[in-house]
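Hi,

Here's the structure I promised to pass on. Have a look, and my notes are underneath.

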There are 2 protein chains.
Amino acid sequence: MPRPRSNLEELLLTTAAELIATEGVDSLSLRELGRRAGVSRAAPYHYFTDKAELIARVGALGFRRLGERIGAAAEVSVDPLIRLRDGLLAYIEFARAEPHFFQLMFSGALARERPDDRGEAAGLAFSSAEARGAFATLIDGVRDAQAAGVLRDDDPLLIVNVLWAYTHGIAVLADRHLKYERGTGAVFEAGFNALVEHYGILPP
Amino acid sequence: MPRPRSNLEELLLTTAAELIATEGVDSLSLRELGRRAGVSRAAPYHYFTDKAELIARVGALGFRRLGERIGAAAEVSVDPLIRLRDGLLAYIEFARAEPHFFQLMFSGALARERPDDRGEAAGLAFSSAEARGAFATLIDGVRDAQAAGVLRDDDPLLIVNVLWAYTHGIAVLADRHLKYERGTGAVFEAGFNALVEHYGILPP
DNA sequence: TCTGATAACTTGACGCTGTCAGGTCGAATG
DNA sequence: CATTCGACCTGACAGCGTCAAGTTATCAGA
């Protein structure tokens, strides 16, 4: 007599996310997932077409969490440039705190989802609505800084692309590759200042 | 009557590399590898302790190839800054041409190998001798540019870290995430110029 | 209250996988 | 000629994703 189960789909998603966060996506098996969720190994097939779709859904969850962290970090200060910097630092911190999530999100395992038109129209191609939302804050941040007159009035999309790529590189390489005596934070700061100074309004 | 086999280890490595390059590391199975190499499924265990080590060896091969491409690209010009730029562009082009290799090299699947001391002493932590060699050209490029007086005499390791992180971010995000109307190359150029201008000798 | 349908699972089975113990066999060594 | 040894093969095992075919609880309609 099986007990009634509520919201199994959400339970599967969060359980899978937990498993991936702690052991990595390669250690996720549907059978272990079923075991932990208290259902059979084939139960996920009622909510996801296959394992790849389940993983893609977890990836979307990761983008949502990343977006939340960026948004929260960018709310602290009132200085537009500091807000921008804090948002990017939150990006790097997310990669450090959730390495398996971050890896998954940018690994191509989510390739099944096609970039949608709204994202493309905004000049950034994302694999999901969640991914797009994660960066809305950064785009707004650049526009705010421009409106405040502390960032030159260059194409904001170009500036966002440059800053994002730089930040992403730091985030990916920080834990195993970059090594600077004064720390990864000093590396980020140096490049960020260089980029902002270039795009910024030079002192008269 | 098994025919005599020469250099099976190398054959296994190159066959595995080919399989990974075309189908990705997840599609590599020891059984298929044995089939293609004309040996049994367990033959690789005489040269590699397990599948993970085989993959790590393929990753090291990837770093060697990346190093060759960077070196070749940085040999074309005599202008130190252009040599540096061309080396970084070769990095991006490698990621575009060999996405599965590039993914593998920075995926953490090579985590078993520990960074060695020479790499650490140079200020950069690499997972293998091959990885270290791949970037020797870039470090030299920064030092050359400094010697030629076209890059400010800041800490060269800081400059390399910043340029590398930026380039890596572009390489990772280029195919699926970055989208700028004038192309990824324009994004790279904008950031590169900004960084070089900052670290460069300003016009009088 | 009975009938039938449907949603929400489970079970059995298939072929695939990495790994290992134990075998085979030719070449080298004493 | 006997022994050892490197190089590889075979059989076997547990775990995997996936699918067809069940099973059971719930509920609508007559």
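Which residues are closest to DNA strand C? They are Ser40(A), Ala43(A), Ser29(B), Asp50(B) and Lys51(B), out of 16 that surround the strand (near means a C-beta atom, placed from the backbone, within 6 Å). Helix α2 (residues 30-37) of chain B supplies the largest share of that surface, 3 residues (helices are DSSP runs of H or I, at least four residues, numbered from the N terminus). By class, the surface near strand C has 7 charged, 6 nonpolar and 3 polar residues (Ala, Val, Leu, Ile, Met, Phe, Trp, Tyr, Cys and Pro count as nonpolar, Asp, Glu, Lys and Arg as charged, the others, Gly among them, as polar).

Some housekeeping: this is a predicted model, where local features need pLDDT of at least 70 and side-chain atom pairs count only at pLDDT 80 or more, while totals for chains, interfaces and linings use all residues. Residues are numbered from 1 along each chain as its sequence is written, with chains lettered from A and ligands numbered from 1 in the order written.

On confidence, chain A has a mean pLDDT of 87, with 85% of its residues at 70 or more (pLDDT is the predictor's per-residue confidence, 0 to 100). Residues 114-124 of chain A stay under 50.

Now the protein-protein side: 36 residues of chain B are in contact with 36 of chain A (contact means C-beta atoms, placed from the backbone, within 7 Å). α8(B) gives the most to chain B's side, with 12 residues. That side divides into 19 nonpolar, 12 polar and 5 charged residues.

Cheers

Note on methods. Two residues are in contact if their C-beta atoms, placed from the backbone, lie within 7 Å. Helices (H or I, at least four residues) and strands (E, at least two) are DSSP runs, numbered from the N terminus.
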